[in-house]
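Ready for some practice in reading a protein model? Keep the sequence and the 3D view open, try each task by yourself, and then compare your steps with the worked solution.

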Amino acid sequence: MYRVASPSEYLVITGYGISDLKLTKKAWVLPGQSCTVFDVCPVNYTFEVQAMSAEKLPFVLPAVFTIGPRVDDDQSLLRYAKLISPHDKLSHHVKELVQGIIEGETRVLAASMTMEEIFRGTKEFKQEVFEKVQLELNQFGLLIYNANVKQLVDVPGHEYFSYLGQKTQMEAANQARVDVAEAKMKGEIGSKLREGQTMQNAARIDAETKIIATQRQGDGKKEEIRVKTDVKVYENQREAEVAEANSELAKKKAGWTKEAQVAEVESAKAVALREAELQREVERMNALTRTEKLKAEFLSKASVEYETKVQEANWELYKKQKAAEAILYGKEKEAEAQKSMALASFYARQQVADAELYAKQKEAEGLVALAQAQGMYLKTILGALGGNYGALRDYLMINGGMFQEIAKINAEGVRGLQPKISIWTNGSGVGGAVEGGNSSNVAMKEIAGVYQMLPPLFKTVHEQTGMLPPAWMGTLNEPSDSSPK
């Protein structure tokens, strides 16, 4: 039978005369062969992948992938025909396979990126997912024709993107309020400033001639103080900016929810505080205007004298400040010297402690080496004695002079006691009697020997303990010498 496939289809022929399988558009199907048709049109798969960023923030990533067989590669078509074509492209099996690959690669990639990187680099994130998923689909002969990653969505209970949008709206509204207040302030201050400058210039022209000499003397010193003050203020501003940056980082880590609420309260307080500052500035300018007007009308001469006194007072204050700074500098240097001495003393003690520790370590190493040498010595002797621990013990006791020490200690124990030692015997006639063959005589001689032993035994006991034998056993006579009877 002659079979022809449509433009979007392929024929898969197996059976007689074909070793594996054959892909073609048209062919004769012979008896003993099987022919299957599969479609190569791509199919859209829609998923909502739940992933988690590197900060453990969950989110939903809606995505639509257009996937189909790779028609420009014969090997890919063969893999697709073997693995996927038996199933329908819209079947649950194929959808689960594709979904599992996409979800797995998307979660692994999202876990390695922060939420800010995913949100701002959506295009790069989409490309990364596209490439990693394509690598896995190649083994099934599938190709991603298109991948559309939609807007990231919050997981219920984790409103990260919602709070981020609220924060942006609050910042824009607060900035608009501050800009309006700034413009209003500039208008009011500018008006009052022009009026005050007019009155000040009229009074200043009359007073400048009298105070110019005093001003020139103090300008140089004032400028030097002002420059130092500006440098200190700049350093403080830099430190404040660093502290502010650290504070911002801590706030972001604390959570967007708390930050939104705190930002709302701070914005309200900041607007109120700014309004109060602007009102205070307006009141101050009004007061300054009235003061200058009074100066111009009534106190021109008094103003000149006052300015002169102020310059003199500033000069005295400057001298006192310099003297105080010199004293402070001396105290600081003295403190630095004491600190250096303390550090030197601490270093010397530390060196002594290190030397003692080194000596202890070397002593311990010597003991370990000695123990190892003794162990090798004992092991060698035990091997020479054939593993006999008793012989090893006797050798060590003899080599160490232990028997000599025992004898010496026993001798020291009995020194000065002057013991009396009695030696007696029952005679030597027993042997002769045995040789004669008279057994009854031998027994009687043994009994006679026991009786011969009693007198010297009783005498020895009496001499050593003072005890006498019972009367029925016998009495002892006073000996003329120490020899037993």
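**Exercise 1. Strand partners**

Task: Find which residue of strand 3 stands opposite L11, and work out how strand 2 pairs with its neighbours.

Solution.
Step 1. Start at L11 and look across to strand 3: the residue opposite is T24. Please keep in mind that you are looking at a predicted model.
Step 2. Now take the whole pair. Strand 3 covers residues 22–24, and strand 2 pairs with strand 3 in the antiparallel sense over 3 bridges.
Step 3. Follow the chain from strand 2 to strand 3. This hairpin has 6 residues between the strands, and G17 takes a positive phi near 80° there.
Step 4. Turn to the other pairing. Strand 2 (residues 9–15) also pairs with strand 5 (residues 33–39), in the antiparallel sense and over 7 bridges. As an example, T14 has S34 of strand 5 as its bridge partner.
Step 5. While you have the strands in view, check a general rule: in a regular strand, side chains alternate between the two faces of the sheet.

**Exercise 2. Salt bridges**

Task: The model has 9 salt bridges. For the one between K82 and D20, say which parts of the chain the pair ties together.

Solution.
Step 1. Check the distance. A salt bridge needs a side-chain nitrogen of Lys or Arg within 4 Å of a carboxyl oxygen of Asp or Glu. For K82 and D20 the N to O distance is 2.9 Å, so the pair qualifies under the 4 Å cut-off.
Step 2. Locate both residues. K82 lies in helix 1 (residues 74–83) and D20 in the loop between strand 2 and strand 3, so the salt bridge ties together parts that are 62 residues apart in sequence.
Step 3. Look at accessibility. K82 is partly exposed at 45%, and D20 is partly exposed too, at 43%.

Task: Now place two further salt bridges, R284 with E281 and K362 with E365, in their helices.

Solution.
Step 1. The closest N and O atoms of R284 and E281 are 2.6 Å apart. Both residues lie in helix 6, 3 residues apart, which is about one turn of the helix.
Step 2. For K362 and E365 the closest N and O atoms are 3.5 Å apart. These two lie in helix 7 (residues 300–384), 3 residues apart, and about one helical turn separates them.
Step 3. Compare with the accessibility cut-offs: R284 is partly exposed at 44%, E281 at 25%, K362 at 39% and E365 at 46%.

**Exercise 3. A helix and its buried residues**

Task: What span is expected for helix 2, and what span does it reach?

Solution.
Step 1. Helix 2 (residues 92–111) has 20 residues, and at 1.5 Å a residue the expected span is 28 Å.
Step 2. From first C-alpha to last, helix 2 reaches 28 Å, close to that expectation.
Step 3. List residues under 20% relative accessible area, the cut-off for buried. In helix 2 they include V94, V98, I101, I102 and L109, and also E103 and E105.

**Exercise 4. A pocket**

Task: Which elements give two or more residues to the lining of the second largest pocket?

Solution.
Step 1. Find the space: the second largest pocket holds about 420 Å³.
Step 2. Of its 17 lining residues, K251, E259, V262, A263 and E266 are the closest to the centre.
Step 3. Match the lining to elements: helix 5 (160–254) and helix 6 (256–298) give two or more residues.
Step 4. Sort by class: the lining has 7 nonpolar, 3 polar and 7 charged residues.

Conventions: Residues numbered from 1 in each chain as written. Predicted model: local features only at pLDDT ≥ 70, side-chain atom pairs only at ≥ 80, totals over all residues. Heavy atoms only, no water. 1 Å grid on protein atoms, 1.4 Å probe; cavity = no way out; pocket = protein on both sides within 12 Å on 5 of 7 lines; lining within 4 Å. Points joined across faces, edges and corners; volume = space filled by probe spheres on them. Helix = DSSP H or I, 4+ residues; strand = E, 2+ residues; numbered from the N terminus. Nonpolar A, V, L, I, M, F, W, Y, C, P; charged D, E, K, R; others polar. Pairing = 2+ DSSP bridges. Buried < 20%, exposed > 50% of the residue type's maximum accessible area, 1.4 Å probe, protein only. Expected span 1.5 Å × (residues − 1).
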